[in-house]
Amino acid sequence: QTGHTRPSDCLPYPQALANLLSELETHHMERTASRPIELAFYGGTFTALPERLQMECLALAMQAKEKGIVCRVRCSTRPDALRPDRLDLVELGIQSFHTEALLDVQRGYNGDRAREGCRLIKESGLKLGIQLLPGMPGSTPQRLSEDVEEALAFSPSCLRFYPCLVVDGTPLAERWRIGQYAPWELDTTITTLGKALAS
């Protein structure tokens with residue numbers, strides 16, 4: 001789902017999903033006490049995939065749901081790429097509700113768009129999950145505290161924290177090398193996340 005060229009030995013998404021669901025069905029039938037599982041499309045922006053691929057994957061997911069193998073279907077996406085058709089739960093990778101921070105990391109949307117995405121999911125009757133990125137450029141412990149407060153005001157089904165990491169070969173790594181960005185110190189991260197988890 002990342003948009004990078006797929007390795008030659010990697011199956012197309014729908015075929016890989018069909019194989020996985022077939023294995024799960026076999027396992028489910030062998031163990032009558034097996035409980036249905038939740039199917040999640042993570043690792044990219046699922047709703048930004050070509051619609052044909054989305055519909056193929058969702059059709060397979062719905063078949064598994066009708067058989068009682070899958071109890072819920074969720075995906076992770078951006079607030080500016082919402083297409084929640086036939087999903088039960090949508091997790092929005094908001095990163096932050098602060099426009100300044102979102103502009104700093106060139107997310108392509110602002111805080112109002114992030115809030116609107118949350119509202120749209122809630123109004124559609126789907127369950128909302130929110131993902132925040134503590135320690136990203138433009139983020140401070142105070143801003144994270146405010147982000148958590150805003151996120152909780154939407155009464156999300158889940159709130160995830162993905163502390164920002166500097167990965168070699170990325171624009172963020174280059175900013176770090178030239179002194180334009182400094183990751184949070186470990187103590188700051190632990191203390192700030194501890195307070196956020198206690199909220």
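## Exercises on salt bridges, a helix face and a buried glutamine

The side chains of Arg119 and Glu116 meet in a salt bridge, with 3.2 Å from N to O. Here a salt bridge is a side-chain nitrogen of Lys or Arg within 4 Å of a carboxyl oxygen of Asp or Glu. The model is predicted, so local features need pLDDT of at least 70 and side-chain atom pairs count only at pLDDT 80 or more, while totals for chains, interfaces and linings use all residues. Residues are numbered from 1 along each chain as its sequence is written, and side-chain values use heavy atoms, leaving out hydrogens and water.

### Exercise 1

**Task.** Place Arg119 and Glu116 in their helix and say how exposed each one is.

**Solution.**
Step 1. Both residues belong to helix H4 (residues 111–123), where they are 3 residues apart, or about one helical turn. Helices (H or I, at least four residues) and strands (E, at least two) are DSSP runs, numbered from the N terminus.
Step 2. An α-helix has 3.6 residues a turn, so residues three or four places apart point the same way.
Step 3. Now the exposure: Arg119 is partly exposed at 35% relative accessibility, and Glu116 is partly exposed at 33%. The scale calls a residue buried under 20% relative accessible area, exposed over 50% and partly exposed in between (1.4 Å probe, protein chains only).
Step 4. Elsewhere, Asp112, Arg115 and Glu150 are joined into one network by salt bridges that share partners.

### Exercise 2

**Task.** Find which parts of the chain are tied together by the salt bridges of Arg143 and of Asp104.

**Solution.**
Step 1. Start with the total: the structure holds 6 salt bridges.
Step 2. One of them pairs Arg143 with Glu100, the closest N and O atoms being 3.8 Å apart. Arg143 sits in helix H5 and Glu100 in helix H3 (residues 99–104), so this pair ties together parts that are 43 residues apart in sequence.
Step 3. Arg143 is partly exposed, at 23%, and Glu100 is partly exposed, at 48%.
Step 4. Another pairs Asp104 with Arg175, whose closest N and O atoms are 2.9 Å apart. Since Asp104 lies in helix H3 and Arg175 in helix H6 (residues 171–177), the parts tied together are 71 residues apart in sequence.
Step 5. Asp104 is also worth a look on the exposure scale: at 30% it counts as partly exposed.

### Exercise 3

**Task.** Work out how the buried residues of helix H7 are arranged and what they pack against.

**Solution.**
Step 1. H7 spans residues 186–198, 13 residues in total, and reaches 18 Å from its first C-alpha to its last, close to the 18 Å expected. The expected span is 1.5 Å times one less than the number of residues.
Step 2. Its buried residues are Thr189, Thr192, Leu193 and Ala196. Seen down the axis, they fall within an arc of 95°, so they line one face of H7; the arc is taken from the directions from the helix axis to the C-beta atoms.
Step 3. These residues pack against helix H5 (141–153) and strand S5 (158–161), contact meaning heavy atoms within 4.5 Å.
Step 4. Turned away from the buried side are the exposed residues Asp187, Ile190, Lys195 and Ala198.

### Exercise 4

**Task.** Describe the surroundings of Gln95.

**Solution.**
Step 1. Gln95 is part of strand S3 (residues 89–95) and is buried, with 14% relative accessibility.
Step 2. A polar atom of the Gln95 side chain lies 3.3 Å from the backbone oxygen of Gly93.
Step 3. Leaving aside residues up to four places away in sequence, Gln95 touches Leu102, Arg107, Tyr109, Gln131, Leu132, Leu133, Met136 and Asp147.

Key. A polar contact is a pair of N or O atoms within 3.5 Å; within protein, one must be able to donate a hydrogen and the other to accept it, and residues adjacent in sequence count only if both atoms are side-chain atoms.
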